[in-house]
Amino acid sequence: MACTELRLAGTEPESIVDGRGIRYTIFVQGCPHNCPNCQNPQTHDFHGGTVTSFDTLLDKIKQNPMLRGVTFSGGEPFCQAEALADLAVRLKAETKLDLTIYSGWTYEQLLQKHDAEVNRLLSLADYLVDGPYIEAQRDLTLHFRGSRNQRVIDLNATRKVGHVVLDDLDEE
Ligand code: SF4
């Protein structure tokens with residue numbers, strides 16, 4: 001049976017820092033990565049946050065015609081891969097919005113999990129911002145990410161050509 005709710009830390013209804021355009025960002029609750037100097041330590045506890053229904057989130061998303069997309073951030077979205085994949089299915093069916101997902105794992109590490117729900121969630125996303133936040137590589141000039149090791153991957157192009165294609169945001 002499809003999931004109908006997820007555990008989240010909070011939302012940002014009109015973010016301009018979590019991917020292209022104006023985005024509704026969902027910060028999921030729970031993260032195992034413990035990146036030093038993480039900006040969102042309150043999202044780490046897997047038992048924290050609040051459980052929220054997909055209907056509540058989708059109602060709010062559909063109310064804003066200015067949105068270009070939705071972003072799943074964290075916390076670690078891929079720790080709730082099944083629930084987020086089910087939400088992404090509804091998002092794609094009920095809106096024309098694109099989907100960006102952040103992860104503390106790299107794209108290659110996500111693929112190496114060989115986890116059906118992780119793969120399903122990846123298959124529904126348009127962009128992946130991958131890798132942990134590394135303080136020593138912090139760079140405030142980067143678009144949509146905090147440290148130079150992190151990549152913004154164009155997943156549609158990546159799936160098409162069979163190797164990682166970056167979204168060249170820094171050229172804009
Ligand atoms: S992956 Fe994100 S939320 Fe998790 S510890 Fe690292 S910076 Fe913090």
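**Strand pairing, helix packing and backbone exceptions in a predicted model**

Me: In S4, which residue is the bridge partner of threonine 25?
Reply: In this predicted model, threonine 25 has threonine 71 in S4 as its bridge partner.

Me: What makes S2 and S4 a pair of strands?
Reply: Pairing requires at least two bridges between the strands, and 5 bridges join S2 (residues 23-28) to S4 (residues 69-73), so the two count as paired. S2 and S4 run parallel.

Me: How do you know which strands are the edge strands of the sheet?
Reply: The sheet is open and has 7 strands, in the order S3-S1-S2-S4-S5-S6-S7, with mixed pairing. S3 (50-53) and S7 (151-154) are the edge strands, since each pairs on one side only. From one strand to the next, the twist averages 30°. H2 packs on this sheet, where it touches S1 (5-15), S4 and S5 (98-102), and its direction makes about 50° with that of S1.

Me: Why are H2 and H4 called roughly parallel?
Reply: Two packed helices are described by the angle between their axes and the distance between the axes. For H2 (residues 81-94) and H4 (residues 116-124), the angle is about 30° and the axes are 8 Å apart. Angles under 35 degrees count as roughly parallel, and H2 and H4 are therefore placed in that class. H2 passes H4 in a left-handed crossing.

Me: What makes up the contact of H2 with H4, by residue and by class?
Reply: On the H2 side are Ala81, Glu82, Leu84, Ala85, Ala88, Val89 and Lys92, which meet Glu117, Val118, Arg120, Leu121 and Leu124 of H4. By class, the residues of this contact comprise 8 nonpolar and 4 charged, with no polar ones.

Me: What makes the peptide bond from glycine 74 to glycine 75, and the phi of asparagine 37, worth noting?
Reply: Most residues other than glycine have a negative phi, and most peptide bonds are trans. The bond from glycine 74 to glycine 75 is cis, with omega near -5°, and glycine 75 lies in the loop between S4 and H2. Asparagine 37, in the loop between S2 and S3, has a positive phi, near 60°, although it is not a glycine.

Me: Which residues come nearest to the ligand?
Reply: Of the 13 residues around the ligand, the nearest are Cys31, Cys35, Cys38, Gly104 and Tyr133. The shell around the ligand divides into 5 nonpolar, 7 polar and 1 charged residues, with Gly counted as polar and Cys and Tyr as nonpolar.

Notes: Residues numbered from 1 in each chain as written. Predicted model: local features only at pLDDT ≥ 70, side-chain atom pairs only at ≥ 80, totals over all residues. Near = placed C-beta within 6 Å. Axes fitted to C-alpha atoms, helices over the stretch in contact; angles between N-to-C directions. Helix = DSSP H or I, 4+ residues; strand = E, 2+ residues; numbered from the N terminus. Parallel < 35°, antiparallel > 145°, perpendicular 65-115°, else oblique. Left-handed = near helix turned anticlockwise from the far one by under 90°. Contact = placed C-beta atoms within 7 Å.
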